[in-house]
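Here are some short exercises to work through with the model open in your viewer. Try each task before you read its solution.

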Amino acid sequence: MDNIDILMNDYAREFGSGTATVECNIESATKGGVGKLLSVSANVKSAQVDKSGDTAKIMATLNCKVMFLNKAGEFDSFDYLCDFTGAINGNDNLSLQDFNHLWAVCGVADIDSGVAGEMIKIQSVVNIKIFGIYTAKCEILTDMPENVVSKKCDVVTQTLINITEQNIELEESFDTGCTVEKILYSDVTAMVNNAKTMDGKCLVSGNICGNISYLSEGVVTCKNFNTPFSEEIETSGMLEDDKANVFVKATDCKIVLTGMEGDNVILLQVAVSVRIDNFRLEEKQVVSDVFLADYEIETEQDCCKYNVMDKTYNLFDKIVGNATVGDDMVAVSKVICTSLSRNIIVNTYYDEGKIVVEGVLAVNLVYLNIEGNTQSILIELPYSLQFDEVMECTNKLLCAEAIVDNLYAKVKRDREFEVTANISITVTADSPIECKTIKAVTVTDIKKCNSYSIVIYNCKEGDELWDVAKAIGASMEQIVAQNNDLQGDLAGRKIVYYRQINC
């Protein structure tokens with residue numbers, strides 16, 4: 001129809017979720033077999049999503065990191081990659097064909113490990129969520145029939161301008177003061193601290209962080225690092241007032257030993273992928289209600305329902321927790337090293353003026369007991385963090401991602417550890433938009449009327465001037481002309497309107 005327009009809104013929406021159980025079998029004979037497993041951690045290194053009918057297919061790589069004592073009692077490790085696939089169905093009968101630019105958010109929820117002969121067997125449960133850019137559409141009326149009185153409302157619309165992807169190379173190095181025999185463990189992650197939109201470009205600042213454990217003369221040393229970066233990325237079509245949803249991920253890390261014997265330098269060369277989703281917000285008017293004073297009319301409605309980006313909050317805090325070994329175990333002498341097993345965000349919400357983020361931090365801790373034997377323990381630390389970040393309204397939809405760095409543990413008592421870690425959390429707040437629109441108006445029968453009419457309208461709770469006008473069948477301007485002071489709350493007011501009708 002000529003007088004119909006389509007209101008379209010692009011936003012990131014979850015298509016579906018599921019889990020995958022990934023089994024990895026690592027042959028250990030080449031490293032002298034396994035005498036004792038010390039720590040096992042896993043994370044999804046990369047993931048690609050393809051459309052297949054109404055099912056999203058994911059192809060991903062799980063990175064398992066294992067530290068152990070071989071049968072000769074020597075420290076050793078594996079950094080093992082395991083490919084896996086999965087299929088995710090849509091939520092709420094969503095059609096995959098309505099989504100573009102699909103991506104996966106994956107997190108390891110549980111790890112089970114053991115040794116069978118010369119084989120290290122690891123089973124990981126991976127939580128998978130598939131997201132994409134979804135376009136919500138609704139029909140709106142552009143031209144009104146003659147004499148129809150319309151009510152218009154302002155709505156915020158969101159349009160995807162473009163998606164920009166770029167890889168950046170970063171380096172971190174530090175002196176060891178020793179000869180490094182082997183790297184036992186390394187974990188590198190990337191996070192965004194701020195994204196500033198400008199005309200034609202976006203300034204992305206953040207950090208690469210993690211830890212590395214290495215062996216020298218039979219002694220394990222653990223080193224944490226946190227290196228800031230700032231990159232100006234060209235984004236065609238971006239304007240200063242646009243919104244940017246930025247994703248960063250450390251995709252690769254090469255470790256190079258340099259320097260002299262007795263004073264090696266560890267150089268980390270980190271590849272970071274950056275993706276910027278550029279959205280533009282605009283205000284538009286839509287017709288939300290109509291009436292005709294002298295004729296009955298029929299209307300067809302449509303519903304606009306979508307989300308628009310509001311704000312990104314970059315939050316920082318510290319997690320501190322204690323853990324103990326059993327009374328039947330030998331007392332602790334010192335901590336050798338720590339590694340992150342997994343970090344799971346369970347819930348994010350807004351409560352009484354605070355953003356609350358709840359999750360569980362799982363830490364592998366390798367230690368030496370007072371008898372000189374190497375032992376290990378998996379520590380799970382639940383946390384609930386509150387941040388004094390003020391939101392303009394409380395109905396925002398919150399989504400959080402977290403990066404843990406500067407993980408550290410010390411012996412507090414003979415059987416007790418204190419674990420600390422810095423946590424950086426990015427919370428994205430979206431505003432839900434929902435409004436009814438009129439997409440068609442049909443004039444039907446003439447209204448029955450008297451020659452003269454006095455109408456008295458008793459205002460109910462929640463009534464606005466538009467509700468009064470529609471009920472009486474007069475314009476808001478005509479009602480205001482006959483009734484003084486119609487500002488503010490109308491509940492309990494009696495509005496009198498005198499109308500002459502020529503029938």
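**Exercise 1. Is aspartate 92 buried or exposed, and what is its backbone like?**

Keep in mind that this is a predicted model.

Step 1. Begin with the surface: the relative accessible area of aspartate 92 is 68%. The cut-off for exposed is over 50%, so aspartate 92 is exposed.

Step 2. Now place the residue in the fold. Aspartate 92 sits in the loop that links β4 and β5 (99–116).

Step 3. Finally, check the backbone. Phi of aspartate 92 is near 55°, which is a positive value in a residue other than glycine. For background, most residues other than glycine have a negative phi.

**Exercise 2. Find the overall form of the protein from its dimensions.**

Step 1. Count the secondary structure: the protein has two helices and 20 strands.

Step 2. Compare the radius of gyration with the globule rule. For a compact globule of 503 residues the value would be near 23 Å, while the protein has 31 Å.

Step 3. Look at the extents. The C-alpha trace spans about 105 × 45 × 40 Å along the principal axes.

Step 4. Add the contacts and the surface. Among contacts with a separation of 6 or more, 77% join residues 24 or more positions apart. Of the 503 residues, 45% count as buried. The protein exposes about 25400 Å², and carbon and sulfur atoms supply 43% of that area.

**Exercise 3. Locate the largest cavity and describe its lining.**

Step 1. Search the whole structure: one cavity of 30 Å³ or more turns up. The largest cavity holds about 60 Å³ of space.

Step 2. List the residues around the largest cavity. The lining is made of Asp187, Gly210, Asn211, Asn224, Leu340, Val404, Asp405, Asn406 and Leu407.

Step 3. Sort the lining by class: three residues are nonpolar, four are polar and two are charged.

Step 4. Assign the lining to strands. At least two residues come from each of β9 (201–216) and β17 (397–413). With four residues, β17 gives the most.

**Exercise 4. Take one residue of that lining, asparagine 406, and describe its setting.**

Step 1. Asparagine 406 belongs to strand β17.

Step 2. Its relative accessibility is 36%, so asparagine 406 counts as partly exposed.

Step 3. Turn to the backbone: phi of asparagine 406 is near 50°, again a positive value in a residue other than glycine.

**Exercise 5. Which residues does threonine 348 touch, leaving out those up to four places away in sequence?**

Step 1. Find threonine 348 in strand β14 (residues 332–351).

Step 2. Check its accessibility. Threonine 348 has 14%, and the cut-off for buried is under 20%, so threonine 348 counts as buried.

Step 3. Collect its partners: threonine 348 touches Val356, Val357, Leu398, Ala400 and Val427.

**Exercise 6. How many residues apart in sequence are alanine 72 and glycine 35, and what is their C-alpha to C-alpha distance in space?**

Step 1. Alanine 72 lies in the loop between β3 (55–69) and β4 (75–89).

Step 2. Alanine 72 counts as exposed because its relative accessibility is 59%.

Step 3. Compare the two separations. Alanine 72 and glycine 35 are 37 residues apart in sequence, and from C-alpha to C-alpha they are 7.4 Å apart in space.

Methods
Residues numbered from 1 in each chain as written. Predicted model: local features only at pLDDT ≥ 70, side-chain atom pairs only at ≥ 80, totals over all residues. Heavy atoms only, no water. 1 Å grid on protein atoms, 1.4 Å probe; cavity = no way out; pocket = protein on both sides within 12 Å on 5 of 7 lines; lining within 4 Å. Points joined across faces, edges and corners; volume = space filled by probe spheres on them. Nonpolar A, V, L, I, M, F, W, Y, C, P; charged D, E, K, R; others polar. Rg over C-alpha atoms; globule rule 2.2 N^0.38 Å. Buried < 20%, exposed > 50% of the residue type's maximum accessible area, 1.4 Å probe, protein only. Contact = heavy atoms within 4.5 Å. Areas by Shrake-Rupley, 256 points an atom, 1.4 Å probe, with all protein chains shown as cover.
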